[in-house]
Each structure stands twice: as C-alpha cells, then as structure tokens.
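Biologist: I would like to learn how to read a structure like this one, feature by feature. Could we go through it slowly, with the general idea before each case?

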Amino acid sequence: MLEEQFSCIGCGVTIQTADQEKLGYAPESALTKEEIICQRCFRLKNYNEIQDVSLTDDDFLKILHGIGETKGLIIKIVDIFDFNGSWLQGIQRFVGGNPILLVGNKSDILPKSIKKQKLINWMKREAKELGLKPIDVCLVSSARGHGIKEVAELIDTYRNGQDVYVVGCTNVGKSTFINRMIKEVAGVNDVITTSHYPGTTLDLIEIPLDNGAALYDTPGIINHHQMAHFVDKRDLKLLSPKKELKPKVFQLNENQTLYFGGLARFDYVAGGRDAFVCYIPNELLIHRTKLENADSLYEKHAGELLTPPRREDVETFPKLIPHEFTIKEGKTDIVFSGLGWVTINNPGKTIVAHAPQGVNVTVRKSLI
C-alpha cells in the first residue's frame, strides 16, 4: 500500500494501487513516473475510453461548499451553446461572498454573425434573471485559445493575490480552459485530462500561482437536464460541436414536423407557410415529415432513421414531452437545452416543441 499520498495530475483523485475497480487506481509502476496519472485518465487520454465514476452529486456539493468557506475569486464557466443547460443553480449560495467572473466558453461554434458585445449583454441579462451578479463577463474559446489572454489579465486584476476556483457543469470545457490558461501563463501543454465525456475531473486539481496562491479546477457538477445525459457515450461528440454551427433553413407549411435525430421534434402547427432557421450541430440529421405521420414515424424508425438514440437504447430513452408555444413577436428562438435552437422570424405562430422528459425547452429573443 501507499505510504505517501499522490494525486492524479489528470483528474485530481487520490491515487491507490490496491483495487483496480475503485476510483484512483494506478499500477505501482506508475508511481515511479514524474507525472502520476490514474488508470481512468490514462485510458481516457490514450484510448478515449471512459470508466463510470462512483462520485455522487453530494460529493460534488461538498467540494463547492468548501470553496464558500475560503476567500478567493470564482470563475464560473458556462457553455454558450447550452447556456441554461450548463447553468449552476444557486452558485451564489455555495460560494459565499466570493466575487464571480462569468466566462462563456465555446464562442467559436456560434455563427460569426452574432456580435460579441450583443452576446455579452445577453449573458449579463440572463445571469441577472438567474440571480447572479458577476463582477465581469467575458467570452472565450478554450479549444482554439481565443480570449484566454484577456481572461488571464482579468483574473489577475480581480483575484487580489487570492486563490482562484474554476467551477461549472460537466461538459462546459472547464479542463480545456485551464489547460489553455496554463499554456498561456507557463507554456506547459495539456496537464489536465479533457474529453467530451461528462464528469472527467473528480477532485480539486491545484495549479500553483504566485505568492503561495493557487488555481483550482473543481469537478464538473452534473446537471441532470442536460441532453448529454440521455445519449450513448459514443454519440456525445454529436452534441459537442467543434465547428461553427451552419444555419439550416426549412420552408414549412402548417402541420409539418422536423425531427432532430431522434432527440427532439419541432411541430409547426399554425401561422401560414414560413421559413425557420435551425442552429443544430452540423452532424445531426434533420428529418422533415407531416405532423399527422410524426408519431408513427418515431415508433417505427427511432434508433435507425432517427438517431441518436441508438437502436438498443430506444426502449430506455425518455419519452419526448410536448411544450406548446404561441409566438407573439418576430425574431424568437425556441431553445432545446444542449441541442441548439430554431429561430422564428415572424409573429403569430403556434409551435409544439418536444424534448426528452427532464430536458428544458425555452423561448428567448433571437440571438442573431
């Protein structure tokens, strides 16, 4: 057994060599290496294999409460592509009186026609409605490194020599963000394990800053209404777009339906023939049908023509729940949490949007 305590550099979990099935396992030979990494991170990094994790929501909350008892700057990361789905409820309650810097990640996948300042203003409004008053709001693309330098400067300004804690839901790109920060500040590549699997980071990971302070990566909190929790691990990349979203325009008559794979459905019920713009990950197939055929199409072809879900998962996949909307103003987005949105250009439309039970469907003023 280990005399000395080691932590995995990839996910922060305490290393143990006794039980292969338990969290933090590494073979004894791994302890001789300069950078110690657990078997789970090793497999994730080298083979893109994921092992399920035994941490509970309560474990995550304990870590957050711990942050509230210390003094520091909180960096809250949200996925701009899935703003509401990646929002941490009650964050202010967890982090005490600590200041919060709100960082919108994945700005590179939004269409270039969205003006940066408009997006920042929208994030400020949304944050206020959700009960958060950040000290500042900024946009980054962790994957491409856009905006990282600016955030590094803001962090330096706001932290007053104190520790920095990075928090966010699973899948918002937190570890990629920190890897970019380390590269920016120290010139070191990919210290933390990153992937598009929810819940990669397991415990606090400490990255030293100057004067004895540190930057901490915290585990991603699982938001159970994110679409990512309902798809097979192999299909997660479909919901984590890497490229700019390409708008797809559909001319629809009344009583026509669009299926987004088998994950969601958009029924156009009333309002005369019109064009609708879909901002959905490019790899996800959109299928059009008549409203009267929509139910039977799903029953016959979910898992085949309409995929994801995969065929073997159709029976356990949550039921698609309808949400009815009457659109009174033009330029409105119907947002499927974690999947994308459909822009409606003209008022006077009746829409029924279907999403898996537990996944949010919301309406907002159009971003574009």
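Biologist: Where does Pro 308 lie?

Modeller: Before I answer, please keep in mind that this is a predicted model. Pro 308 is found in the loop between H8 and E12, and Pro 309 has its place in the loop between H8 and E12 as well.

Biologist: What kind of peptide bond joins Thr 307 and Pro 308, cis or trans?

Modeller: The general idea is that most peptide bonds are trans, and that most residues other than glycine have a negative phi. Here the bond joining Thr 307 and Pro 308 is cis, with an omega of about -5°, and the bond that leads from Pro 308 to Pro 309 is also cis, its omega being near 5°. As for phi, Lys 106 has a positive value near 70° although it is a residue other than glycine, and Lys 106 sits in the loop between E2 and H4.

Biologist: How should I read the sheets, and in which order do the strands of the sheet with E8 and E9 come?

Modeller: A sheet can be read from one edge to the other, strand by strand. In this sheet five strands follow the order E11-E8-E9-E15-E12, with antiparallel pairing, and the sheet is open. Its edges are strand E11 (286–290) and strand E12 (320–327), each of which pairs on one side only, while the twist from one strand to the next averages 20°.

Biologist: How many bridges join strand E8 to strand E9?

Modeller: Five bridges join strand E8, residues 256–260, to strand E9, residues 264–270, and the two run antiparallel. As one place to look, Tyr 259 stands opposite Arg 265 in E9. Helix H8, which covers residues 291–301, lies across E8, E9, E11 and E12 and runs at about 125° to E11.

Biologist: Which strands are at the edges of the sheet that contains E10 and E14?

Modeller: That sheet is open too, with five strands in the order E7-E10-E14-E13-E16 and antiparallel pairing. The edge strands are E7 (248–252) and E16 (361–365), and each pairs on one side only; on average, neighbouring strands are turned by 25° against each other, direction ignored. Within this sheet, strand E13 (residues 332–336) pairs with strand E14 (residues 340–344) over five bridges in the antiparallel sense, and the bridge partner of Phe 336 in E14 is Gly 340.

Biologist: How does one find empty space inside a model, and how many cavities of 30 Å³ or more are there?

Modeller: Rolling a probe the size of a water molecule over the atoms shows where empty space is left. In this model the count is two cavities of 30 Å³ or more. The largest holds about 130 Å³ of space and is lined by 16 residues, of which Asp 79, Asp 82, Asn 171, Leu 239 and Gly 338 lie nearest its centre. Sorted by class, its lining has seven nonpolar, six polar and three charged residues.

Biologist: Which residues line the second largest cavity?

Modeller: The second largest cavity, with about 30 Å³ of space, has a lining that includes Pro 308 and Pro 309, along with Phe 230, Val 231, Asp 232, Asp 235, Arg 310, Asp 313 and Phe 317. By class, this lining has five nonpolar, no polar and four charged residues.

Biologist: Finally, how many salt bridges does a search of the whole structure find?

Modeller: Side chains of opposite charge can pair when their charged atoms come close. The search of the whole structure finds 14 salt bridges, and one of them is formed by Arg 144 with Asp 108, whose closest N and O atoms are 2.8 Å apart. Arg 144 lies in the loop between strand E3 (136–139) and helix H5 (148–158), and Asp 108 in the loop between strand E2 (100–105) and helix H4 (116–129), so this pair ties together parts that are 36 residues apart in sequence.

Methods. Residues are numbered from 1 along each chain as its sequence is written. This is a predicted model: local features need pLDDT of at least 70, side-chain atom pairs count only at pLDDT 80 or more; totals for chains, interfaces and linings use all residues. Side-chain values use heavy atoms; hydrogens and water are left out. Two strands pair if DSSP finds at least two bridges between them. Helices (H or I, at least four residues) and strands (E, at least two) are DSSP runs, numbered from the N terminus. Axes are lines fitted to C-alpha atoms, for helices over the stretch in contact, and angles run from 0 to 180 degrees between N-to-C directions. Contact means heavy atoms within 4.5 Å. On a 1 Å grid over the protein atoms alone, a cavity is a set of points where a 1.4 Å probe fits but cannot get out, and a pocket is an open set with protein on both sides within 12 Å along at least five of seven lines; lining residues have an atom within 4 Å of a point. Grid points are joined across faces, edges and corners, and a volume is the space filled by probe spheres set on the points. Ala, Val, Leu, Ile, Met, Phe, Trp, Tyr, Cys and Pro count as nonpolar, Asp, Glu, Lys and Arg as charged, and the others, Gly among them, as polar. A salt bridge is a side-chain nitrogen of Lys or Arg within 4 Å of a carboxyl oxygen of Asp or Glu.
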